[in-house]
Amino acid sequence: MRRVILAVLALVLHAPFAWGGLPLDSRNRSIEAELDLARKKEIYVVFDLDARNVEIKARGMVLKTFAIHDVRLWGARPAIEPLTLKARRAMAAPRRERIAPEAKPKEVEIRQAPPSGQDTFDIKALELADMPEAYALVLDKDISIRVRPYRTGLISSVGGLGHSAWVILRDSSVSVMYALRGRHYGTVDIVLDPEDARALYWAFLDGARCLVLAATPTESIEK
Amino acid sequence: MDEMEGDSVRAPRGWQLLAESWGMRLPSREFLAGASLFGAGIAAGAIVLLAILVGAGYLVAKRDADASLAASPPPKALSQTALERRNRALAGRLKALAPRGTYIVIDTARNTLALRKNGGTLHTAVVSSGSGNMLDDPSGKRQWVFDTPRGEFHVIAKVEDPDWIKPDWAFIEEGESPPGRWSDRVEPGMLGEYALAFGDGYFIHGTLYTRLLGRNVTHGCIRAADKDLEYIYKTAPVGTRIYIY
């Protein structure tokens, strides 16, 4: 009975979006789309769901790569075209500190090494550690990418099953709501290492553009 | 075992005494059965509704996926050879956009700088980048956000032994009013031995606060240690592209 339940869950979680690899024609279209981004002086992100990579790029060069542990597509497939990040949504979004003007200590006090190697400076700044690990990237064209951190362990596995069940229920509800409004809903779920998830949140700013490359199961190459 | 008359269930003596001490009567067997059936019915109904919702959502998602695939352009009617030729041409055009020669890549999240050339890395350094903090002008007319800008830039100018010309925010941050005389803004020795300007008042420069390298502590500029800065200064000519993310 347990095996039957697990099999049904596996089918629901992964079907009907089977992978097949990005065909040559789609790869050509993806390069054409990327040329549009690479011609500008901007940093852009490529979510290559087929290769299981997220790449931060500029001028066609890869500046940084994050490995994707797991991918899940739901609903409308993102088209191979540049998309713009409209907003990043996180439960605990980082907040900037406001500097309170005050007289600084003398230079000589700052340059002296503190005793026993301890850092006595209280640094109030936005740093990588302040970035969230789980968040949603809301793109235009009603596409969103949800990022979750990769966790191991029994508790994480059990929690992951619960999360998957919740995600299915949520996505089903949202799909139905969008359908009632005559719109299409699509979302991509990716799992990254916690550090990479934070780094992606840091690097992918509102207004930046991206490409989402996903294999389409029905395409084939005409020989 | 004592038996209670009427509607009360037969209960062990201990529970009976406990219930009596609280002034309660244990519910009847019929009541418990009815309550259980009601609860089961509610649960079953909820499960059925959820199953219908998930099923409907699944079908809608499938429809949305099919619609998006149908909306995508049809594959070009080209032979495999032609597709591969086009692929090579497109890849060549993309590769041609990459910088030639030396270029600098700065990761402001991890505070690292890499000096690269022809796909290889010449030098890496730990640096400091913008703190992301905000400062308000007491007059209320200006606000500064101390971020390091992101994107593509290039080295506009290179300076040896630069003097720091303190901007208004540097005085306001210390609770002082910006001076009227330009000479009161000049602070020599604060920026190290070299500085590379990349526009809008931002520099890659040296620092007195080497212990803070690797942290996000600056007002937007990139601070590097003396030896790293010297290497960068002597290797990267004016016009060198800088990529900051």
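Two exercises on this predicted model follow, each with a worked solution.

Residues are numbered from 1 along each chain as its sequence is written, and chains are lettered from A in the order in which they are written. In this predicted model, local features need pLDDT of at least 70 and side-chain atom pairs count only at pLDDT 80 or more, while totals for chains and interfaces use all residues.

**Exercise 1.** Describe the contact between chain A and chain B, beginning with its residues.

Solution. Contact, meaning heavy atoms within 4.5 Å, takes in 75 residues from chain A and 71 residues from chain B. Next comes the buried area, the accessible area (1.4 Å probe) that the two parts lose on being put together, summed over both; between chain A and chain B this is about 6,300 Å², and carbon and sulfur atoms give 62% of that area. Finally, 6 salt bridges are counted between the chains, each a side-chain nitrogen of Lys or Arg within 4 Å of a carboxyl oxygen of Asp or Glu. Glu32(A) forms a salt bridge with Arg86(B), where the closest N and O atoms are 2.2 Å apart.

**Exercise 2.** Find how many disulfides the structure has, and decide whether Cys210(A) and Cys221(B) count as buried or exposed.

Solution. With a disulfide taken as a pair of cysteine sulfur atoms within 2.5 Å, a search of the whole structure finds 0 over all chains. For the second step, buried means under 20% relative accessible area and exposed over 50%, with partly exposed in between (1.4 Å probe, protein chains only). Cys210(A) counts as buried because its relative accessibility is 0%, and Cys221(B) counts as buried because its relative accessibility is 16%.

Note on methods
Side-chain values use heavy atoms; hydrogens and water are left out.
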